[in-house]
Amino acid sequence: MVEAEKYKAGFFDEMEINSLRSAKVVLPLVNNLLHPGSVIDVGCGTGVWLDTWQKLFEIENFVGVDGPYLKPEMLKIPFE
């Protein structure tokens with residue numbers, strides 16, 4: 001199976017709903033323990049966790065890494 005075929009648009013739509021819910025619960029706990037100045041998310045998908053982290057804690061220095069099957073317009077974080 002071609003990599004892009006595994007990840008249809010509906011996959012990411014469903015993933016975002018669940019990821020946002022999880023991020024809002026987990027990230028405050030992690031942030032309170034670590035107080036990071038920067039964050040990297042390997043396998044970030046559309047960047048929901050990074051976007052949530054940035055909005056909740058105003059972290060400016062973050063990077064998301066994922067595969068080429070993600071189109072820039074799908075991302076919740078800036079594409080570079």
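Begin by selecting Val 42, which at 66% relative accessibility counts as exposed and which is found in strand β1. The model on screen is a predicted one, and every value quoted on this tour has been computed from it. With Val 42 still highlighted, add Asp 66 to the selection: the two residues are 24 apart in sequence, yet their C-alpha atoms are 6.4 Å apart in space.

**The nonpolar patch**

Keep Val 42 and extend the selection to Ile 40, Val 63 and Val 65, since these four residues make a nonpolar surface patch of about 360 Å². Which strands supply at least two residues each to the nonpolar patch? They are β1, which spans 38-42, and β2. Within the patch, Val 65 has its place in strand β2, and with a relative accessible area of 37% Val 65 is partly exposed, whereas Val 42, at 66%, counts as exposed.

From Val 63, turn to Glu 80, which is found in the segment after β2. The C-alpha atoms of Glu 80 and Val 63 are separated by 9.5 Å, with their positions 17 residues apart along the chain. Is Glu 80 buried or exposed? Its relative accessible area is 88%, so Glu 80 is classed as exposed, the cut-off for that class being over 50%.

**The whole chain**

Now zoom out and colour by secondary structure, which for this protein chain comes to 3 helices and 2 strands. Followed from the N terminus, the elements run α-α-β-α-β. If you then colour by accessibility instead, buried residues make up 28% of the 80 residues in the chain.

**Helix α3**

Select helix α3, residues 48-57, and show its side chains. The buried residues of this helix are Val 48, Leu 50, Asp 51, Thr 52 and Trp 53. Asp 51 deserves a closer view, for it forms a salt bridge with Lys 55, in which the closest N and O atoms are 3.0 Å apart. Both partners lie in α3, 4 residues apart, or about one turn of the helix. The two ends of this bridge fall into opposite classes: Asp 51 is buried, with a relative accessible area of 17%, while Lys 55, at 59%, counts as exposed. Moving along the chain past the helix, stop at Glu 58, which follows α3 and has a positive phi, near 55°.

**The second salt bridge on the tour**

How many salt bridges does a search of the whole structure find? There are 2, and the one not yet visited is reached by selecting Lys 76 and Glu 16, whose closest N and O atoms are 3.3 Å apart. This pair links distant parts of the chain, with Lys 76 in the segment after β2 (61-65) and Glu 16 in helix α2 (residues 9-34), 60 residues apart. Lys 76 counts as partly exposed at 41% relative accessibility, and Glu 16, at 17%, counts as buried because the limit for that class is under 20%.

**The pockets**

Next display the pockets, starting with the largest, in which about 300 Å³ of space lies. To find its centre, select Gly 64, Leu 75, Ile 77, Pro 78 and Phe 79, which lie nearest to it among the 17 residues of the lining. Colouring the lining of the largest pocket by class gives 10 nonpolar, 3 polar and 4 charged residues.

Then move to the second largest pocket, which holds about 190 Å³ of space. It is lined by 15 residues, and the ones closest to its centre are Met 15, Gly 43, Cys 44, Gly 45 and Thr 46. Which helices should be shown alongside the second largest pocket, each supplying at least two residues of its lining? They are α2 and α3, and the largest share, 5 residues, comes from α2. By class, the lining of the second largest pocket divides into 8 nonpolar, 4 polar and 3 charged residues.

Definitions and conventions: Residues are numbered from 1 along each chain as its sequence is written. This is a predicted model: local features need pLDDT of at least 70, side-chain atom pairs count only at pLDDT 80 or more; totals for chains, interfaces and linings use all residues. Side-chain values use heavy atoms; hydrogens and water are left out. A salt bridge is a side-chain nitrogen of Lys or Arg within 4 Å of a carboxyl oxygen of Asp or Glu. Buried means under 20% relative accessible area, exposed over 50%, partly exposed in between (1.4 Å probe, protein chains only). On a 1 Å grid over the protein atoms alone, a cavity is a set of points where a 1.4 Å probe fits but cannot get out, and a pocket is an open set with protein on both sides within 12 Å along at least five of seven lines; lining residues have an atom within 4 Å of a point. Grid points are joined across faces, edges and corners, and a volume is the space filled by probe spheres set on the points. Ala, Val, Leu, Ile, Met, Phe, Trp, Tyr, Cys and Pro count as nonpolar, Asp, Glu, Lys and Arg as charged, and the others, Gly among them, as polar. Patches are made of residues with over 30% relative accessible area and no salt bridge: like charges are joined within 9 Å, nonpolar side chains (Val, Leu, Ile, Met, Phe, Trp, Tyr) within 5 Å. Accessible areas come from the Shrake-Rupley method with a 1.4 Å probe; for residues, only the protein chains shown count as cover.
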